[in-house]
Amino acid sequence: MLSQDTVGALARALQDARMTRTQLRHFSLQYPEMTIEDGYAIQREWVRLELAEGRTIKGRKIGLTSRAMQIASQITEPDYAPLMDDMFFDAGGDIPFERFIAPRVEVELAFILGKPLKGPGVTLFDVLSATDYVVPAIEIIDSRIEQFDRETRVMRKVFDTISDFAANAGIVLGGRPVKPLDVDLRWVGALLHKNGVIEESGLAAAVLNHPANGVAWLANKIAPYGEQLNAGDVVLAGSFTRPTAAVAGDSFHADYGPLGSVSFRFV
């Protein structure tokens, strides 16, 4: 386990990296003894720093929900991170590219909770009962820690990603809100267009067989820390497409069929 002083220093480095748009080298390279719990300790300390600056938490994200990504990251479960208030952008608008370092785009469903969820023992059915509505979402992921080390070219470890807010950087909500029992959420599909060309497609069933399973996992995972999901929280359930790279000037449009669409442009 890393010392509290080290955890604090790494959290401050991440906060500075986000503000200055400069990437850090892998924490796991500097501290090879680093664990997943250390990653979450750094993440929690970074949240504390953000709250002290006046930010608020509007929800959570769940990442690494596909089996392929878990195998690639050498883990057996998803990860999670907070959604801060300054990460939300309006659908159909322009998003300043300068807010990011190396952004990529993923297609997801967002659960808007009408009732709190507190583990342990939260089930998929509890999630469906507690959810006010589900809405299409695009997540913008970014890397304050290098994906590949600048010298060794080794890929970052999951500990690095967890400490780095699970790579979360932006959220765009849109489309048509639906009640969670009005559609079979497993079969919600999406086409992700970049500059008018289809880049990715997928089904929500790719997220742990049902996207609500991820929300239940999260509620149970944070329970030992005395935390819960609250009414009004936005919970990103996990991507069902691969991340698509973006540069300034790129336009994105995700079509969810009967659930409508989400679009924006990087400027």
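Is Thr161 buried or exposed? I began my notes with this residue, keeping in mind that the model is predicted.

**Entry 1: Thr161**

I looked up the relative accessibility of Thr161 and found 14%, which is under the 20% cut-off, so Thr161 counts as buried. I placed the residue in helix α6, which runs over residues 158-163. When I listed what Thr161 touches, leaving out residues up to four places away in sequence, I obtained Asp79, Arg156, Ala166 and Ala167. With one of these, Arg156, I also noted a polar contact of 3.3 Å between the two side chains.

**Entry 2: the open sheet**

I then traced an open sheet of five strands, and wrote down its order as β4-β13-β12-β8-β9, with mixed pairing. At its edges I found β4 (94-95) and β9 (197-203), each of which pairs on one side only. I recalled that strands of a sheet pair through backbone hydrogen bonds, either parallel or antiparallel. For β4 and β13, the latter spanning residues 261-266, I recorded the parallel sense, over two bridges. Looking for the partner of Asp94 in β13, I found that it is bridged to Arg265.

**Entry 3: Leu191**

Within the strand order above, I picked out β8 (residues 189-194), because I wanted to look at Leu191, which lies in this strand. For Leu191 I read a relative accessibility of 34%, so I entered this residue as partly exposed. Its contacts, once neighbours within four places in sequence are set aside, are Ile198, Glu200, Ser201, His253, Ala254 and Asp255. I also checked Leu191 against Tyr256, and although the two are 65 residues apart along the chain, their C-alpha atoms are separated by 6.7 Å.

**Entry 4: helix α7**

Last, I turned to helix α7, which covers residues 211-222 and has 12 residues. From its first C-alpha to its last I noted 18 Å, close to the 16 Å expected at 1.5 Å a residue.

How many of the 12 residues of α7 are buried? I found that nine are, so the helix is largely enclosed by the rest of the structure. I wrote the buried residues out by name as Pro211, Ala212, Gly214, Val215, Ala216, Trp217, Leu218, Ala219 and Ile222. To see what encloses them, I looked up their packing partners, and these are the strands β1 (57-63), β2 (79-84), β5 (104-113) and β10 (234-236), together with helix α5 (124-130).

Conventions
Residues numbered from 1 in each chain as written. Predicted model: local features only at pLDDT ≥ 70, side-chain atom pairs only at ≥ 80, totals over all residues. Heavy atoms only, no water. Pairing = 2+ DSSP bridges. Helix = DSSP H or I, 4+ residues; strand = E, 2+ residues; numbered from the N terminus. Buried < 20%, exposed > 50% of the residue type's maximum accessible area, 1.4 Å probe, protein only. Polar contact = N/O pair within 3.5 Å; in protein donor to acceptor, adjacent residues only side chain to side chain. Contact = heavy atoms within 4.5 Å. Expected span 1.5 Å × (residues − 1).
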